[in-house]
4 protein chains.
Amino acid sequence: MDDVLIRMLDKVELTNPVLVEGLPGVGNVGKLAADYLRDKLGAKPLATIHSKFFPPQVYVNEEGIIRLVSNDLSYWRAKPPATRDLLILGGDYQGITPEGQYELTERTLELCHRLGVRELYTLAGFAQGHVVEVPRVLGAATSTRGVEAMKKHGVVFSRNDPGGGLIGASGLFLGLGRTFGMEGVCLMGETSGYFVDPRSAEAVLQVIGKALNLDIDFSDLEAKAKEIDRIAQKIHETEQRLNEPTSQSREDLGYIG
Amino acid sequence: MDDVLIRMLDKVELTNPVLVEGLPGVGNVGKLAADYLRDKLGAKPLATIHSKFFPPQVYVNEEGIIRLVSNDLSYWRAKPPATRDLLILGGDYQGITPEGQYELTERTLELCHRLGVRELYTLAGFAQGHVVEVPRVLGAATSTRGVEAMKKHGVVFSRNDPGGGLIGASGLFLGLGRTFGMEGVCLMGETSGYFVDPRSAEAVLQVIGKALNLDIDFSDLEAKAKEIDRIAQKIHETEQRLNEPTSQSREDLGYIG
Amino acid sequence: MDDVLIRMLDKVELTNPVLVEGLPGVGNVGKLAADYLRDKLGAKPLATIHSKFFPPQVYVNEEGIIRLVSNDLSYWRAKPPATRDLLILGGDYQGITPEGQYELTERTLELCHRLGVRELYTLAGFAQGHVVEVPRVLGAATSTRGVEAMKKHGVVFSRNDPGGGLIGASGLFLGLGRTFGMEGVCLMGETSGYFVDPRSAEAVLQVIGKALNLDIDFSDLEAKAKEIDRIAQKIHETEQRLNEPTSQSREDLGYIG
Amino acid sequence: MDDVLIRMLDKVELTNPVLVEGLPGVGNVGKLAADYLRDKLGAKPLATIHSKFFPPQVYVNEEGIIRLVSNDLSYWRAKPPATRDLLILGGDYQGITPEGQYELTERTLELCHRLGVRELYTLAGFAQGHVVEVPRVLGAATSTRGVEAMKKHGVVFSRNDPGGGLIGASGLFLGLGRTFGMEGVCLMGETSGYFVDPRSAEAVLQVIGKALNLDIDFSDLEAKAKEIDRIAQKIHETEQRLNEPTSQSREDLGYIG
């Protein structure tokens with residue numbers, strides 16, 4: 001079996017398309033953003049990628065129908081105000097070994113290169129380890145031109161973050177992308193790292209929207225963010241109740257004193 | 001060495017055969033069912049599969065003769081009331097790495113495809129984490145047609161189970177089977193997950209029997225189920241004795257009081 | 001790089017040679033036996049086997065000269081009373097992954113097959129988990145003929161041991177050997193599993209000596225066994241001293257009472 | 001994707017060049033030494049090595065520009081008093097699996113062999129587990145000639161160290177180098193193993209300087225060593241303060257008494 005199996009679902013000619021990558025990771029920010037972009041733009045399925053570097057797993061939907069885990073490439077033809085065709089890469093998993101990461105990234109980039117991609121955006125979360133009220137978007141790029149362009153859209157290039165570099169698909173797509181002559185930017189939405197974070201995904205998509213002149217309706221993502229807020233709030237309250245003595249118990253303590 | 005070594009033991013022409021897969025897994029339900037089916041039907045050895053994705057291990061039988069761990073394909077020519085020839089896949093292990101799972105499944109499917117298989121049943125256990133008196137059979141399928149057909153035989157398609165999808169050979173044979181143009185169904189017998197479970201294996205085989213018009217004598221499997229019941233009962237009693245104070249010890253405590 | 005690098009050191013024509021394999025494992029019994037046999041017979045180097053399935057390691061000898069870890073094949077031309085030429089396989093490691101075990105065994109068997117080997121003995125230890133005063137030699141074989149032949153030399157074929165089969169090179173050489181048309185026997189010297197065990201290695205070599213009409217001087221191996229006995233005895237005494245109260249401490253306790 | 005991707009950055013003809021290897025490891029001694037040598041000599045980039053045996057990681061510099069992790073080969077043309085051209089290998093990682101170590105070492109040696117290398121020095125740290133005031137340089141070599149040559153420069157060849165041999169790139173470059181007909185020496189600077197150790201790197205480079213007639217300015221490395229000393233000293237003082245009772249706390253205890 002080939003290490004990476006690419007099945008084409010459609011045949012398209014795209015004009016100088018941009019690749020937007022968002023796979024599962026910290027706070028699921030990248031995947032949330034890429035999937036949302038695909039759904040809101042109505043991007044169409046182009047290729048399914050299976051691989052022995054994914055877990056040997058199928059998902060079962062509500063009707064009982066199975067689907068083998070995969071990465072998936074969709075395409076979208078530019079509509080004004082946008083001027084650039086898009087390829088959007090999402091999926092269930094990143095490669096589960098370092099070797100798998102390299103192999104999958106290489107093979108996907110090869111396909112994208114053949115489809116005309118010379119520029120790419122990779123989307124990810126950046127774990128801060130504490131709650132982030134208003135997530136900033138941190139950046140890294142393959143060239144100074146990319147850094148300058150992103151700064152104009154409010155992306156933060158910090159001297160210290162990310163300190164140890166980027167590990168995983170978002171960094172690797174940029175790193176290996178250079179061997180294909182591609183230039184790119186990684187956009188990392190700040191997130192606590194404890195929750196799936198739609199708010200951070202929105203912050204990242206806001207930048208993508210500005211950079212690519214996309215008109216994105218964020219209402220569903222904001223609704224999802226509020227739902228996560230409610231869940232987080234409930235967990236927080238439960239924890240506090242368990243830690244604080246209740247008035248009842250304080251009285252009890254009074255008797256002892 | 002080839003990653004997967006297939007040694008053909010016989011040469012057969014089968015008519016539109018159905019593959020039934022049952023490898024070791026949760027409660028060993030799939031393997032018990034497939035091995036029992038092979039033995040009761042008197043299916044004949046067709047191919048032995050060795051692989052570097054199995055452990056480097058040989059088994060030694062009671063006469064001191066070794067046998068390298070393997071997967072094994074048997075065949076059975078339809079006899080009335082059955083109308084379909086069968087291929088039955090059993091074995092000592094599933095592939096021990098994700099890569100091995102994919103490679104072994106792919107290579108076995110390739111062989112089965114060449115033998116004419118376009119339809120398959122995969123057998124497995126579904127761990128409930130508690131004792132199951134009357135195991136239901138849960139299902140997943142590659143198509144709505146498969147779902148509807150199985151519902152007629154009492155298979156349950158649950159909205160929530162299996163939540164995280166299926167991991168391992170039974171799911172993968174369906175998932176990769178589609179790339180060979182095969183349609184299939186996974187039958188999962190409910191089981192506690194703590195014991196080897198012949199009763200769950202019987203539940204699964206009852207469905208297979210109805211679906212393929214097979215006349216299976218279940219007496220040996222039921223005897224095995226009763227034996228496991230006795231062992232489980234003994235373990236249960238021993239645990240209770242250790243946890244409950246005996247009348248003797250209660251008296252002792254009385255003296256102290 | 002080739003997964004397995006075989007470097008031939010000599011060119012020989014052997015007459016129907018027998019392979020004797022002994023690699024590191026339980027009690028190092030197999031390696032001790034094979035290395036001792038090679039040294040006592042004065043077998044000559046034939047091939048060095050390097051592999052990426054060994055650790056990335058070199059050993060440094062007392063003169064400061066390095067040597068890359070390897071398996072090594074030596075040959076010995078039969079001298080009366082022996083009638084069969086020998087190939088002896090020893091080395092620093094077994095393959096460190098299951099895949100590596102298969103690949104190394106396959107490639108080594110391929111070489112041996114080319115050199116004319118159709119029969120092999122694999123040597124190993126069998127861990128009993130307790131001290132064994134007079135180690136028996138347990139056996140497993142590829143055929144009834146092998147079982148019967150070994151029984152004549154006192155080898156024990158037990159219904160229950162080894163229960164879970166044999167894991168590692170000694171079993172795999174027999175299992176994969178069959179795919180090369182080789183017949184063979186595994187000889188397992190009983191050992192505690194806690195110490196390197198020259199006495200168990202001698203027991204195994206006694207069988208080999210009878211089976212192949214070899215005249216082996218066991219004095220050095222017996223000296224080594226006595227040395228290990230002394231070390232084990234010292235450890236035993238130290239443990240006892242630490243567990244038993246000394247007369248001194250008993251007096252001290254007396255004062256307290 | 002090829003397991004190891006070598007990208008040539010320059011085209012050079014070197015005269016009988018010597019390879020100096022220093023990758024991350026114990027005390028980072030080898031990497032510190034090789035990087036320092038490259039910087040001080042002003043060696044020029046010759047090749048970048050990417051591989052799926054490295055982590056899937058990019059580093060981000062202070063300007064926000066990413067760089068895929070790599071090993072890197074630089075070259076330097078001999079200037080008097082030196083008479084030998086150099087190739088210097090440094091990098092971010094050693095291969096992260098045993099297989100990766102072998103594959104990367106083999107491919108790098110292949111390239112170096114093509115560039116004319118027949119002799120190599122590998123640089124590493126040797127962990128002593130305690131602070132080393134004046135680090136000695138321990139050695140291992142592929143030949144007696146190498147041992148004798150290094151002894152003249154004060155390198156210590158100890159009967160007992162390194163006891164278990166050398167694990168990792170520095171040993172493997174020598175071990176696999178022999179299959180390319182290369183002779184070589186491993187120089188191991190003693191180090192505690194707890195800190196990055198520029199002093200040990202200097203000790204190693206002093207030997208290289210003598211062996212290859214290199215004029216190396218050590219002032220920057222010595223400054224770095226002093227900085228590490230200061231950090232180590234501070235940690236030591238903090239630990240002592242936490243362990244010793246202060247005069248203040250002794251008084252407090254007095255009040256209690």
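In chain B of this predicted model, helix α2 (residues 98-114) lies across β1, β2, β3 (44-51), β6 (71-76) and β7, and runs at about 30° to β1(B). Such packing is counted through contacts, two residues being in contact if their C-beta atoms, placed from the backbone, lie within 7 Å; angles run from 0 to 180 degrees between N-to-C directions, with axes taken as lines fitted to C-alpha atoms, for helices over the stretch in contact. Helix α3 (residues 144-151) of chain B lies across β9 and β11 (183-191) of chain B, and its direction is at about 160° to β9(B). Helices (H or I, at least four residues) and strands (E, at least two) are DSSP runs numbered from the N terminus.

The strands beneath these labels form, in chain B, an open sheet of eight strands with mixed pairing and the order β1-β3-β6-β7-β2-β8-β11-β9, where two strands pair if DSSP finds at least two bridges between them. At the edges stand β1 (4-8) and β9 (137-141) of chain B, each with a single partner strand, so one side of each is left without a neighbour in the sheet. On average, and with direction ignored, neighbouring strands of this sheet are turned by 20° against each other. Within the sheet, β2 (residues 18-21) and β7 (residues 86-91) of chain B pair in the parallel sense over four bridges, and B:Val18 has B:Leu86 in β7(B) as its bridge partner.

In chain C, eight of the nine residues of strand β11 (residues 183-191) are buried, so this strand is largely enclosed by the rest of the structure. A residue is buried if 20 or more other C-beta atoms lie within 10 Å of its own, exposed if 12 or fewer, and partly exposed in between, the C-beta atoms being placed from the backbone. Strand β8 (residues 119-127) of chain C runs parallel to β11(C) and is joined to it by nine bridges, with C:Glu190 as the bridge partner of C:Phe126. Strand β9 (residues 137-141) of chain C is antiparallel to β11(C), with five bridges between them, and C:Leu138 is partnered there by C:Met188.

Between chains A and B, the contact takes 15 residues from chain A and 25 residues from chain B. On the side of chain A that touches chain B, the elements giving two or more residues are β4 (57-60) and β5 (66-68), and β4(A) gives the most, with four residues. By class, this side of chain A has 10 nonpolar, two polar and three charged residues, where Ala, Val, Leu, Ile, Met, Phe, Trp, Tyr, Cys and Pro count as nonpolar, Asp, Glu, Lys and Arg as charged, and the others, Gly among them, as polar. Two bridges join β4(A) to the antiparallel strand β10 (residues 166-167) of chain B, and A:Val58 stands opposite B:Leu166.

The contact between chains C and D takes 25 residues from chain D and 15 residues from chain C. The largest share of the side of chain D that touches chain C, six residues, comes from α2(D). Here too a strand pair crosses the boundary: β4 (residues 57-60) of chain C and β10(D) run antiparallel with two bridges, and C:Gln57 stands opposite D:Ile167.

Chain D is superposed on chain C by a rotation of 90° with 0.0 Å of shift along its axis (RMSD 0.0 Å), and the two copies are thus related as by a four-fold rotation axis. Superposition is by least squares on the C-alpha atoms of residues with pLDDT of at least 70 in both copies.

Residues are numbered from 1 along each chain as its sequence is written, while chains are lettered from A and ligands numbered from 1 in the order in which they are written. Because the model is predicted, local features need pLDDT of at least 70 and side-chain atom pairs count only at pLDDT 80 or more, whereas totals for chains, interfaces and linings use all residues.
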